[in-house]
Amino acid sequence: MNAHAPILPILIPFAAALLQMAFARRRCQRSVGLLATALLIVATTWLTRLADDGQLRVYALGDWPAPFGIVLVVDRLAAAMTLLTAVLGFLTLLYASAGFDERGKHFHPLFQFQLVGLLGAFLTGDLFNLFVFFEVMLLASYTLLAHGGGLARTRAGITYVVLNLIGSAIFLIALGLLYGTLGTLNLADLANRLTLPGHDQALARLAFALLIAVFALKAGLLPLSFWLPHTYSAAGAPVAALFVIMTKVGIVAILRVQAIALAPAMPDLLDNWLTTLALATVVLAALGTLAAGRLRALAAWLVLLSAGTLLLAPAQASAQVSAAAIYYLVQSTLAGAAFFLLAGIITAQRGSTADHFTVGPPATAPWLQVAFLTAAITAAGLPPFSGFIGKLMLLMTLREVAAGPVIWAVLLSCGFLVMIALARNGCYLLWKNQTSSRPAPAAVAWQKVTATLLLVAAGPLLAVLAGPLSDYAKRAATQLHAPGAYVAGVLGTAAAKSHAEAPR
Amino acid sequence: MDALLAIAVGVLTACGVFLILRARTFPVLLGLTLLSYAVNLFLFASGRLRVDAPPLIRAGASALTNYTDPLPQALVLTAIVIGFGMTAYLAMLALRSLSESGSDHVDTDQQP
């Protein structure tokens, strides 16, 4: 059974989606979906515990050995990302089953397919398979984005689909170049062949640059990030909360490709430009939070802010920075998702003013005010919650690098801007009110309350557990930055040697 | 053969990019289709072009002489299927946008 653990996170949502299409009644679909995502949490927790022994688990699909077949590769980072996806999936699905899923057709199977794509993208060790899982994820996300209807969603959908189709075309060009120059698409085999002479280095370099550009489009790096706030703020609350992890797929992909393939062979590919662009993304996102006119737009800019902060990590190519980035990634994902769910509840509470930052009926429920305060403190990176710890860890590790002072100045001043934006807009949503037009606030469904409070509680909880979590992140980062062990683990020590003939 | 394919890929890409930069959804859709043709041809060529060489190893063959790489063909098939599905979805989305807003402009704020 242990041998088949790596495929379980993909099979569970896949089976759930098929079952949901067979039993089309909403109640059946809901229970199957919730049960499957709960099972997914159990399976991925187990996988994370298994992966923590430091061994690389390679699962050859169809038992075709790498590099001829497709392999799933589970290391600590991949296992932790599947666990994070499962937790986020369960909570957003719980929120959606309070009524959001009734606003259109086929919500539940598409949600599960989105999970299949996300989990597969984290697990696969083959670049073409990564492309396929990206497309599974994107196809489901196109339809989920339009779920609920409305012109704004259709409009945002067109931009999003066109951009991602162009991204897919560039991804395929990069894959064609890689296969043409190196003769393989398995990441470990690519890393192995890159270190050998006999291939066209300029073409391989171009291919990797294109690949990084595609991942940067998904992650939201500055010149490619203008679609993100527009799209995320148009999506429904639970869908936007799930989308938060999609930017993280791009970031993890850049981290992995950099650590395994680029660091040994062309370590200078990300130098000079990535840190600058990431800092520019952070500045733009911080200004965006100030300019946002409604809470969901503010939440979308916060996602972009965390993406920019995280993209500082790959260019440094250091295990310490990556360890801090992994902790920051986990906490920022949960905090970002919490904001989208809060925006959904506040929209429902405030009637026609929705979540716009204008004077209107306040969201009065006391738990909502405490939850907003906690989420805001986490997102702004103020002590004592996990946002502060994550940012502190990143800043401490980034102190050593050449661009350290600039990074410190930008991150700290942008954190200040975010704090101003959150404080000002929180007052509008929760305090400034028109007493004359105060309607009795509608009761909030228990699913929504539970899901939102659990996501908000992740802020304090991840701060309490920061010790063990950052230790795990350190071990994960050490394993990530050992490309030799990755190549030997996937190809086998003997295969790595016998494969050492010159590529075509 | 190589030059012909390279010219075809180049012309398709140029036309595709030109159409994608139009401001209405239908030309953009056509542009994406042309771009995906170009990409598929390019992927196909990544296994090297050989005439009269099947992707098969015949029984009793001692050496791989008259043989072409089958993997790019499998990749192209996957890419065609995915690209076709995506384009079909975009067409539906564009039609929905047209019927909801009465305009096929890709930019939200501008009227044609």
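Is A:L398 buried or exposed? A:L398 is buried, with a relative accessible area of 0%. The legends below all refer to a predicted model.

**View 1. A:L398 and its surroundings in helix α16 of chain A.** With a relative accessible area of 0%, A:L398 falls under the 20% cut-off, so the residue counts as buried. Leaving aside neighbours within four places in sequence, A:L398 is in contact with A:L312, A:Q316, A:V321, A:G404, A:I407 and A:W408. For a sense of scale, take A:G104, which sits 294 residues away from A:L398 along the chain: the two C-alpha atoms are separated by 46 Å.

**View 2. Helix α16 of chain A, residues 386–398.** Here's a quick check on the geometry: at 1.5 Å a residue, the 13 residues of this helix should span 18 Å, and the end C-alpha atoms are indeed 18 Å apart, so the two agree. The helix is largely enclosed by the rest of the structure, because 10 of its 13 residues are buried. Those buried residues are A:S386, A:G387, A:I389, A:G390, A:K391, A:M393, A:L394, A:L395, A:T397 and A:L398.

**View 3. A:T124, in the loop between α4 (107–123) and α5 (127–146) of chain A.** This loop residue counts as buried because its relative accessibility is 10%. The side chain of A:T124 makes a polar contact with the side chain of A:N129, at 2.8 Å. Setting aside neighbours within four places in sequence, A:T124 is in contact with A:I70, A:V71 and A:L72, and also with A:N129, A:L130 and A:F133.

**View 4. Where chain B meets chain A.** On the chain B side 32 residues take part, in contact with 29 residues of chain A. The area buried between the two chains is about 2800 Å², and carbon and sulfur atoms give 75% of it. B:F42, B:M86 and B:Y89 are the trio to look for: they supply 21% of the area that chain B buries against chain A, more than any other three residues.

**View 5. The side of chain B that touches chain A, with α2 (25–45) and α3 (71–101).** Each of these two helices supplies at least two residues of that side. The largest share, 15 residues, comes from α3(B). Sorted by class, this side of chain B has 18 nonpolar, 9 polar and 5 charged residues. As for polar links across the interface, the rule finds 6 residue pairs in polar contact (both at pLDDT 80 or more), but 0 salt bridges.

Methods:
Residues numbered from 1 in each chain as written. Chains lettered and ligands numbered in written order. Predicted model: local features only at pLDDT ≥ 70, side-chain atom pairs only at ≥ 80, totals over all residues. Heavy atoms only, no water. Helix = DSSP H or I, 4+ residues; strand = E, 2+ residues; numbered from the N terminus. Expected span 1.5 Å × (residues − 1). Buried < 20%, exposed > 50% of the residue type's maximum accessible area, 1.4 Å probe, protein only. Contact = heavy atoms within 4.5 Å. Buried area = accessible area lost by both parts, 1.4 Å probe. Salt bridge = Lys/Arg side-chain N within 4 Å of Asp/Glu carboxyl O. Polar contact = N/O pair within 3.5 Å; in protein donor to acceptor, adjacent residues only side chain to side chain. Nonpolar A, V, L, I, M, F, W, Y, C, P; charged D, E, K, R; others polar.
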